[in-house]
Amino acid sequence: MGEQISRTDYSEADFEAYADRVAQQQRQLAELLEQWPFDLAHPRAGMELEINLVDPEAAPVPLADQVLKAINDPQFVHELGHFNIELNLPPRQLGPTGLTAFYETLRSALNDADQRASGLNAQLAVIGILPTLTADDLTADALVDEPRYKVLDEQLRRLRGGDVRIQLPDTELAAGISFDSITPEAACTSQQIHLQVGPSQFPAYWNASQAIAGVQLAMGANSPFFAGRLGYAESRIAVFDQSTDDRSAERVRSGERPRVFFGERWITSVLDLFTENAGYRPLLPELSEEAEETDGVPELRELNLLNGTIYRWNRAVYDVAGGAPHLRIENRVLPAGPTSLDMIANLALYAGLARALAEQEHSAWSEEGFAVARDNFSAGQRLGIEAELVWPGLGSVPAPVLVLEHLLPLAAAGLQSFGVEAAEVTRYLGVIEQRAMARVNGATWQTAAVKARERAGETREEALRGMVQDYLALQRTGQPVHEWELSR
């Protein structure tokens, strides 16, 4: 959901004072990294999950307030739209049985919340982009009435100087659709993994996360439709990118860096990312009255508030917990869904690969151009499991082959290094293995299901509605998506 603010009106003096405070806190962070013992004793992982709310006809319903009240669980909070909520799982260690603990907590929380929502004739839909969302659902009225979202919408529209335009070349969205607010961002629901690492480890883990982002998209794509039209395998990436782009046409032509950003280079320090942030205009220039501390450790609130409005797909996070500062990578690459088991398998693949690559004595990626990782990211979002990915020493390889023959053993070694038990490694990476062998993920299943219904004579609207109803029924079975059958 992001940190909340208390004001909606800011002067130019507020922006200047805020920039000064951020610069001061960047210096504080540099000092902290050298002088403070960051929490490394028990590194943990966490997870956020954004969720859609639908009615029995699989259409979005703006019942977030009522559903959250019915759920009555502080783990669930508002998200951007009235048809969204968010689940924040408590962080935990991965080993030795941490993955199953994550799975059980996630499954139980979703099942309980879904049951409580049913009393309101609503249900939870864990899916990257809800295919039954229409352009008419994505108006400014759909935004949750929170100051943060109001200011973000106003600032982004003002800086951009025009409407949001969602346009995906070479797809059914090639002509584009215009929107008068950032609400299309609410269509993009994700599974966000937080991985705690130390300052000295951070560059290697962040670089590794960038290197495998294309693999994550290829294996986990689950957002092929937007506003009733077929886009990329993981359309969420482009929709989010374009929804939050604050650049005018002139600034785009000048090559100015976008606010949603994969990156341009490998890093050598976490400070590289926070220093890069200084090049962005703040959107929420709210100053705390005085420097806030937790047990003597500065919270760096303004630094974090700015960082929260720069949407890297792998974002650095500074936080304080239990009186000790810590750093973590927020991996924002994955879509929500399809099932709890699929999502924990995705977590296992990410955590295992990131650790294995980060701990290699000599990483092959250190000599590979950053553009290769960026191209893999693009290929993964466009083609999903059908993508060809480039890997050091191997050249161009079909994504399923790369995963089956080369990356699964690496991920297993990484999980074992976290202390994950062998049975857990086999269970969760086995889901990825079977998905790769079947060449099925959420995106391929959704696309095939809609095509089958259209061949049977249904309109696109009917096919999308029926597909989502089938998806939700299968989601409740808990079977991973590679085992799902088509109803037609």
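**Figure 1. Phe377 and its aromatic partner Trp313****.** Phe377 is buried, with a relative accessible area of 5%. Trp313, at 4% relative accessibility, likewise counts as buried. The model shown here and in the legends that follow is a predicted one. The structure holds 12 aromatic pairs. In the pair formed by Trp313 and Phe377, the ring centres lie 6.1 Å apart and the planes stand at 40 degrees, so the pair is tilted. Distant parts of the chain are linked by this pair: Trp313 belongs to the loop between strand S13 (311-312) and strand S14 (314-321), whereas Phe377 belongs to helix H12 (residues 370-383), and the two are 64 residues apart. Trp313 and Phe377 are also members of a cluster joined by ring pairs, together with Phe240, Phe262, Trp266, Tyr311, Trp365, Phe370 and Trp391.

**Figure 2. The tryptophan pair Trp445 and Trp484****.** Both Trp445 and Trp484 are buried. Their ring centres are 5.1 Å apart and their planes meet at 85 degrees, so the pair is edge-to-face. Trp445 is located in helix H15 (residues 442-455) and Trp484 in the segment after helix H16 (460-477), so the pair ties together parts of the chain that are 39 residues apart in sequence.

**Figure 3. Arginine side chains over phenylalanine rings****.** Arg281 lies over the face of Phe15, at 4.0 Å from the ring centre. A second such arrangement involves Arg355, which lies over the face of Phe418 at 4.3 Å from the ring centre. Arg355 is also one of the residues through which helix H11 touches helix H5, a contact presented in the next view.

**Figure 4. Packing of helix H5 against helix H11****.** Helix H5 (residues 202-211) and H11 pack with their axes 8 Å apart, at an angle of about 125 degrees. That angle makes H5 oblique to H11, and the crossing of the two helices is right-handed. On the H5 side the contact is made by Ala204, Tyr205, Ala208 and Ser209; on the H11 side it is made by Tyr350, Ala354, Arg355, Leu357 and Ala358.

**Figure 5. Helix H3 and its contacts with H11 and H14****.** The axes of H3 and H11 come within 9 Å and cross at roughly 145 degrees; the crossing is right-handed. In this contact Leu99, Phe102, Tyr103, Leu106, Arg107 and Leu110 of H3 meet Ser340, Leu341, Met343, Ile344, Leu347 and Ala348 of H11. H3 also packs against H14, at an angle of about 50 degrees and with the axes 9 Å apart. H3 and H14 are therefore oblique to each other. Here Gly98, Leu99, Thr100 and Tyr103 in H3 meet Glu424, Arg427 and Tyr428 in H14. Leu99 and Tyr103 of H3 thus appear in the contact with H11 and in the contact with H14.

**Figure 6. Cis peptide bonds preceding Pro96 and Pro338****.** The peptide bond from Gly95 to Pro96 is cis, with omega near -5 degrees. Pro96 is part of the loop between strand S3 (84-92) and helix H3 (98-118). The bond from Gly337 to Pro338 is also cis, and its omega is near -5 degrees. Pro338 occupies the loop between strand S15 (324-335) and helix H11 (340-358).

**Figure 7. Positive phi values at Asp170 and Arg439****.** Asp170, a residue other than glycine, has a positive phi, near 65 degrees. Asp170 is found in the loop between strand S5 (164-166) and strand S6 (177-179), and it is exposed, with a relative accessible area of 77%. Arg439 likewise has a positive phi, near 55 degrees. The place of Arg439 is the loop between helix H14 (422-438) and H15. With a relative accessible area of 35%, Arg439 is partly exposed.

**Figure 8. Thr459 in the loop between H15 and H16****.** Thr459 counts as partly exposed, at 43% relative accessibility. From C-alpha to C-alpha, Thr459 and Leu287 are 52 Å apart in space, and they are 172 residues apart in sequence.

Methods:
Residues numbered from 1 in each chain as written. Predicted model: local features only at pLDDT ≥ 70, side-chain atom pairs only at ≥ 80, totals over all residues. Heavy atoms only, no water. Phe/Tyr/Trp six-rings, centres within 6.5 Å; stacked < 30°, edge-to-face > 60°. Helix = DSSP H or I, 4+ residues; strand = E, 2+ residues; numbered from the N terminus. Buried < 20%, exposed > 50% of the residue type's maximum accessible area, 1.4 Å probe, protein only. Lys NZ or Arg CZ within 6 Å of the ring centre and 35° of its normal. Axes fitted to C-alpha atoms, helices over the stretch in contact; angles between N-to-C directions. Parallel < 35°, antiparallel > 145°, perpendicular 65-115°, else oblique. Left-handed = near helix turned anticlockwise from the far one by under 90°. Contact = heavy atoms within 4.5 Å.
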